[in-house]
Amino acid sequence: MTVEVVIFVLMGLTALGGAITVVMARNPVYSGLGLLGTMLSLAVIYVSQLAHFVAAIQVIVYAGAVMTLFLFVIMMIGVDVAEDTAENLPRQRLVVGVLAAAVVGFAVYLGVSQGFDWVPAASGEPVAEATNGTVQAIGERLFSTWVLAFEATALLLTVAAAGAIALAYFRRRRAVRE
Amino acid sequence: MTIDYLALAPEIVIVVTLLGVLSLDLFLPRRKKFWVATLAVAGTALAAVPLIFLAVEGSTRSMFDGSFVVDSFALALKGLLLVGAYIVLLMSVSYIESDRYWQGEYYLMILSSLLGSMVMASGRDLIVLFIGLELTTGPLYLLAGWRKGDIRSNEASLKYFILGVLSTAMMLFGMSLLFGLTGVVGFDELAAVVGDHAAEPAMVLAVLFLFAGFGFKVSAVPFHFWAPDTYEGAPTPVTAYLSVNSKIAGFIAMLVVLYLALPDLADIWAPAVWALSALSMTVANLSALRQRNIVRLLAYSSIAQAGFMLVPFAAAAVADADLAEGFSATIIYIAIYALMNLGAFAVVIAGARATGSGEVDDWAGLGRYNPRLGVLAAVFFLSLAGIPPLAGWFAKFVMFRSVILTGGAGPIALAIIAAVNTVIAFYYYARVVKAVWLDPVPEGAEIPEQRAPAGSLSLALGLTTALTVIIGMFPAIATVFADASQVLTAAGG
Amino acid sequence: MTDWYMLLAAALFTIGAMGILVRRNALVMFMCVELMLNAVNLTLVSAGRALGSLDGQLATFFVLVVAAAEVVIGLAIIVAIFRHRDTASVDELSELKG
């Protein structure tokens, strides 16, 4: 338990720091790296919560594929355009944002800290610690109850890829930048 | 585990069609792309065959541990979604052909969005519902920007996308809290236990987050600000799809979750639905009065209509009455709205070609030089306003009847707001009709040569006109949706 | 312990929501949405663990896949805009107003 607390404190702080970097950094590259930090710390937290499969795909899909794509697009469109990389953040916008965040955060805090009454294992058999979070345990449930949703996500990814090509592909002879 | 393939047959037909579209598109030269469109239209029509078979047979089939249910309510909604997509596809053929690029992918996007909404209509747990909703909206983010040479279309898709994923994140946060509190995701299981947590702040938060997420999807005030810009910038057939199929999908999500999973929390969400309905009608109608562009006018009109749709359900919820009556009145309203709004958009596409403009003022005198189109414009806009004997009056009638039968202060107040708004809405719908029939052709306007609309567009116009007029004359047809939703009442209520 | 995980998730979600309000760069706004989705995932995993249920981790899997698909879609849209405008700032997009 103590190990978990130490990991939680360390990684929780890293995650928060990363999140604040995303919002505050003027340069999108730093925002991207902040997000990467948050995702990796969350992966560590998942491991300490015994969600090994989720931790693995968090690293592979989020930190690997998604963030690479983000950084790639930033490099493609952002870095050589000076006025774009340094976004100006007017003070009043910041104040409004912080105030709004304070309100939402307070509501969420109230809800989360005071309102949780956990119902142990309301959905069938509790999972044994030994199999919890393993690929096998998740796979069995994924391919029985949720197989339809799983197939739908496969289609979603295919369609997203096909559509992204259609939308982002420009023929070279067209004037790319008027 | 056995899978009931017959129950899945309509979805399977759509999947096969969209895979066929994807592969056929690879091999066809550009001149022959109309075969892709033909395949898409034919596949959509074919999917109706197993659907009708299932509806006639009439049994309830439940699969995947009850997360996917095919009952007559799901079938009625799927039928409506299929008709909507079929008409949108017909409208698209000539429109997309004139844009010339990426036709194959266009149909792929529409079909997969249709598939997502059909899955949603059967989904009876949060995960299937969520995946269905994402499959519905994901392709639409792309489609909104399909005219990529046009900066307004780019902007439409970016706005839609950012607000769409924001709403998804809020909805998911609500769902995750709901799961955390109850430990279940199925609607039936949720309905059984949510009542025990009604007093917890976290539950209030979960419901409000869910509700805000759905509010975005149905573009109800105050979550509507993306809609007019996206509607105006997107290609017009996509706008028609957004305002009909995607809105139906959002309503399915909202109503089914509130009605099947969270009926015991009506104390929390009923005032929110009431306010959403009243605000949507009032704000959108007042904004619509100022619009000069006909697509923006229809965008605000569809936001306002979303408010009308919610009236019976909101009234039943705030009065703490039996939700079933309000629920089926809402479903009838949605079905009729779908048909007449599709017709209105078909008229906009044909009218934009006939007048060379999308501004209401430029449509002046359209009835003189193109009487056929003028009549159709009058039919759909008056139907949207709720003038008998067109279908719109029955929707309004069902709405008011349901509210008055419910009674009580909250419902009656809502009915009064709805009545005032019906009058305001009549004003701007009538303004279009007045421009078309009473105003003179503007001086010095260059009227393009009048040609009959393309065959597929004519078919779309013909179908929607026929349905609008027939349902207006024989409203009993539309009550099939009421009967279908009674099944859900028996099962869930 | 679970409450602390929940609070961390709530904090991440709030920071993400604030970012959407404050920032105007479409890429960064989109990253903020990813942040919110990560918060959702943390909620699901922690709740699933407290409940002794695997469904939380399964839901996380679905959220993750959908987020990946959305990234593909969103970045395609941003690239398409950039081809015309050389900007990813929402403020500079003002063709449609009112």
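**A walk from chain A into the nonpolar core**

Begin by selecting chain A of this predicted model, where residues 24 or more positions apart account for 50% of the contacts with a separation of 6 or more. With chain A still selected, switch to a cartoon display, and the secondary structure comes to 7 helices and 0 strands, so that the elements, followed from the N terminus on, read α-α-α-α-α-α-α. If you then colour chain A by burial, the buried residues make up 36% of its 178 residues.

Next, add chain C to the view and look at where the two chains meet, for 77 residues of chain A are in contact with 63 residues of chain C. On the chain A side, at least two residues each are supplied by α1 (2-24), α2 (28-48), α3 (52-77), α5 (91-115), α6 (135-142) and α7 (147-168). Select α5(A) in particular, since the largest share of that side, 13 residues, comes from this helix. Colouring the side of chain A that touches chain C by class shows 59 nonpolar, 13 polar and 5 charged residues.

Now bring in chain B and turn to the largest nonpolar core, which has 307 residues, and in which B:Tyr333, B:Ile336, B:Ala377, B:Phe381, C:Leu12, C:Met36 and C:Phe62 touch the most other members. Helix α14 of chain B, residues 323-355, is the one to highlight here, as it gives the most to this core, with 22 residues.

As a last stop, centre the view on B:Ala377: leaving aside residues up to four places away in sequence, B:Ala377 touches B:Val347, B:Gly351, B:Leu366, B:Val432, B:Val433 and B:Val436.

Technical notes. Residues are numbered from 1 along each chain as its sequence is written. Chains are lettered from A and ligands numbered from 1 in the order in which they are written. This is a predicted model: local features need pLDDT of at least 70, side-chain atom pairs count only at pLDDT 80 or more; totals for chains, interfaces and linings use all residues. Two residues are in contact if their C-beta atoms, placed from the backbone, lie within 7 Å. Helices (H or I, at least four residues) and strands (E, at least two) are DSSP runs, numbered from the N terminus. Ala, Val, Leu, Ile, Met, Phe, Trp, Tyr, Cys and Pro count as nonpolar, Asp, Glu, Lys and Arg as charged, and the others, Gly among them, as polar. A nonpolar core is a set of buried Ala, Val, Leu, Ile, Met, Phe, Trp, Tyr and Cys residues joined through C-beta atoms within 7 Å. A residue is buried if 20 or more other C-beta atoms lie within 10 Å of its own, exposed if 12 or fewer, and partly exposed in between; C-beta atoms are placed from the backbone.
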